Each structure stands twice: as structure tokens, then as C-alpha cells.
Amino acid sequence: MAELELDRTDRRILAELQRDGRLSNQELADRVSLSPSPCLRRVRRLEERGYIKRYVALVDAEKVGLGLLAYVSIRLDKHVGGSHAPMGEFARDVQRWPEVVECYAMSGDMDYLLRVQVADLAHFSSFAMDTLMRHPAVVDMKSFFALQQIKETTELRL
């Protein structure tokens, strides 16, 4: 599908939906100075073209008992199982681990960076020792614990 050129109104729609994904079409149309029908057509087009990936509720991790946030750098043994096999296996396996809420393939001194959300240090220790360090491709793991949240946003600057 051809790339959509975003105009000022498309960017305003995206900005408003980033702030509040539960806006009704009428509320959104009012905020971006459109009538409801053209506004809905633009939103649908943004969804179809992948600019809007999905709508979610952001849950407070601490309130649901997952108050420990850790970032974990992972280095793999690239000689296990042939060309790129460890990276593919690890990327596949990480999908099954509910403790991992984000995973990025990285450049530099690590192969992957994980964002891990768990109940407490005991839960993290169990996950690290029983899952991460036992993975056949993992040769090094470093953990970093969040002490205080300074900024959190899901809004991209448009």
C-alpha cells in the first residue's frame, strides 16, 4: 500500500488519539475542526495504512502486583547451532515469556535489550536464573533496576 502523506489535520488526529484513544468520533472531529464523516474517513485511512496500530488501555503495573521493572541486556553465543540460529531461537522463545513486555535487537555490546515487569525481586531472580540464564544461546546477562520513574509517555512528537 502506498505511503500516505500526512497533512496537518492527519497529524492533529494522531496527536489527539495518542492523548485519548477513547474519544468519540464527534469529540475528535470537534477537536480537529472537521465534520464527523470526513474525520471518520481519515481515521479509518490512518488505521488501514498502519499509522494507528491498535487501541489499548494502559494498566498501572504496580496496582496489578507487577511493581518491579528491570531492563536486561542479553548477549548470545553466536556459534551455537550455526549461522544466526541463536538469534532466531532467542527471538522466538522470548515471545512465550510473559515477564518480558518489550524486547529489542540491539547494536553495540548487547544483542537484545529486554524490559521485564515482575512482582518483586524473588520473581525476577526466578525468571533470570530459571529462564534467561538457562537458555542455550545466552552467554551473558546484565540487569538494571528502575529506582524511580522520571518520565513516561506513549505520545510521539508529531
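Here are three short exercises on the charged pairs and cysteines of this predicted model.

Some ground rules: local features need pLDDT of at least 70 and side-chain atom pairs count only at pLDDT 80 or more, while totals for chains, interfaces and linings use all residues. Residues are numbered from 1 along each chain as its sequence is written, and side-chain values use heavy atoms, leaving out hydrogens and water.

**Exercise 1.** Work out how many disulfides the structure holds, then check the burial of Cys39.

- Look for cysteine sulfur pairs within 2.5 Å, the cut-off for a disulfide. You end up with zero disulfides.
- Now take Cys39: its relative accessibility is 0%, so the residue counts as buried (under 20% relative accessible area; exposed is over 50%, partly exposed in between, with a 1.4 Å probe and protein chains only).
- Cys103, at 29%, is partly exposed.

**Exercise 2.** Find how Glu16 and Arg19 pair up and place them in their helix.

- A salt bridge needs a side-chain nitrogen of Lys or Arg within 4 Å of a carboxyl oxygen of Asp or Glu. Glu16 and Arg19 pass, at 3.3 Å from N to O.
- Both sit in helix α1 (residues 8–19), three residues apart, so about one helical turn separates them. (Helices are DSSP runs of H or I, at least four residues; strands are E, at least two; numbering starts at the N terminus.)
- Glu16 is buried, at 17%.

**Exercise 3.** Say which parts the Glu102–Arg115 salt bridge ties together.

- The N-to-O distance is 2.5 Å.
- Glu102 belongs to strand β2 (residues 100–105) and Arg115 to strand β3 (residues 112–118), so the bridge links parts 13 residues apart in sequence.
- Glu102 is partly exposed at 27%, and Arg115 is partly exposed at 23%.
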